[in-house]
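Me: I should like to learn how to read helix faces and helix packing in a model. Could we work through some cases together?
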Amino acid sequence: MLSHGLIVVLAVVLLLVLIAVRTPIFIALSVSGIGGLLCLSGFGGLKLVPLAMGAQLQEYALVAAPLYILLGEALAVTGLGRDLFGAAHRWFTRVPGGLGASAIASSTLFGAMSGVSISSVALIGRMAVPEMLSRGYKPGFAAGSVAASGALAMLIPPSLMFILYASVTGESVAALFAGGIVPGLLLAALMIGYVVVRAKLNPDSAPRDGDRFSWRERWAAIGKITPALVLIAMVLGSIYTGFATPTEAAAIGALLAFAMTGLVYRKLGWQNLKLIFASTATVSAAMLAIVGSAFVFTQMLVVARVPEALTDFVVGLDVHPYVVLIGIMLVLILLGCLVDAASLLLVVTPILVPAIEELGFDPLWFGVLLVVNLELAVITPPVGLNLYTMKSVVPELDLGDIFRGIAPYLAIEFALILLMIAVPGTATYLPSVIT
């Protein structure tokens, strides 16, 4: 009879093989998880499958996810991406690499409304990248700034990744949202700083444009995006004033987004309504399928007592806890090259969090650190979804240019991980104050 350890290894190998042959991730997780349960507990173990999926999908925090997706899809049809990019361009026009900085700033703002990274890349990319290319920007420079900054939607609230982490760990969604604000804004600032310095040192990568805007034009551009800024303030404000839970705030935000789309932008026609609901249903169904199948896989790991074994192993190591933490971060970066971010979070969280707590680390802080780490998963080949989204919205781009353009941002993300490890308050101070 196979040992539990060998069964787990075989299940993980099967998962990676299925992913390698491009099996849909929810099928890969389900097949390997069910196979592992069969080997561990026989057909009786299969009773755990519907129970595990049902228990996870009934998690109240998950209700917020489709609502935030609906909010983002409603705003996507308004032309808001064009307005965000236009406003940012008017304020960054005198800065070296101004269009790249504008793309990052507009991605940051849209990320604060949608929580979905590929939506941000698609919306901002189809306006910003062709504009940069027409002004003589190098393709890698243009594509990298949009693909990387699109990942900010995973970190800046309302983040779907934090909702998934909360559904597994029971941490407060509001506290996780608060914890992502400072690292998210800091990461956006670091990205803009890189763009400016790179353009200053190598003007051929991002030639200066001759556009000049008056202060009246700049403030008028801000006026165009004011409804979106009000929406952000109302959604987050309703959470942190205690007026609404994060799930209730998602419903408020979705309702306001529809009102804005119809009354302000006049874009709520029948065709757009069909597009909004079809896109929301597609994205939500894909996400919830992954959530359910990932929980089947993690249930197999629980039956094999992997979390307890890993906790005992980690605690028994005769090394400093921070050495273990750095090791975990490096392993997650490697796994992120093979598995998409949401699936990886759902699989590793129930395994790692008990060990992290035993080492004396705050699980809320680790949740924010984990999401920063998993941002790398959406911008690293061969699985990085943002890279292929970028290619799909600007087909003339070469994938090689996109891969080269993203490389500096990987270093920036890793630098933020090290900073958060050195200064945990970057993620924990704000939650302690406002939640």
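Reply: Let us begin with one helix in this predicted model. A residue counts as buried under 20% relative accessible area, and in helix 14 (residues 306–316) Val306, Pro307, Thr311 and Val314 fall into that class. They span an arc of only 130° around the axis, so they lie on the same side of helix 14.

Me: Which exposed residues does the face of helix 14 turned away from its buried side carry?

Reply: Exposed means over 50% relative accessible area. That face carries Asp312, Phe313 and Gly316.

Me: What covers the buried residues of helix 14?

Reply: The cover includes helix 1 (4–20), helix 13 (270–303), helix 15 (321–336) and helix 16 (341–358).

Me: How are helix 6 and helix 8 oriented to each other?

Reply: Angles under 35 degrees count as roughly parallel. Helix 6 (residues 98–114) and helix 8 (residues 139–150) pack at about 15°, their axes 9 Å apart, and are therefore roughly parallel to each other. The crossing of helix 6 past helix 8 is right-handed.

Me: Which residues of helix 6 and helix 8 meet?

Reply: From helix 6, Gly100, Ala103, Ile104 and Ser107 meet Ser145, Val146, Ser149 and Gly150 of helix 8. The residues of this contact comprise three nonpolar, five polar and no charged.

Me: Is Ser120 buried or exposed?

Reply: Ser120, which belongs to helix 7 (residues 117–134), has a relative accessible area of 0% and is therefore buried. Leaving aside residues up to four places away in sequence, Ser120 touches Ser107, Phe110, Gly125 and Gly150. Among these, Ser107 of helix 6 and Gly150 of helix 8 also take part in the contact described above.

Terms used
Residues numbered from 1 in each chain as written. Predicted model: local features only at pLDDT ≥ 70, side-chain atom pairs only at ≥ 80, totals over all residues. Heavy atoms only, no water. Axes fitted to C-alpha atoms, helices over the stretch in contact; angles between N-to-C directions. Helix = DSSP H or I, 4+ residues; strand = E, 2+ residues; numbered from the N terminus. Parallel < 35°, antiparallel > 145°, perpendicular 65-115°, else oblique. Left-handed = near helix turned anticlockwise from the far one by under 90°. Contact = heavy atoms within 4.5 Å. Nonpolar A, V, L, I, M, F, W, Y, C, P; charged D, E, K, R; others polar. Buried < 20%, exposed > 50% of the residue type's maximum accessible area, 1.4 Å probe, protein only. Arc of directions from axis to C-beta.
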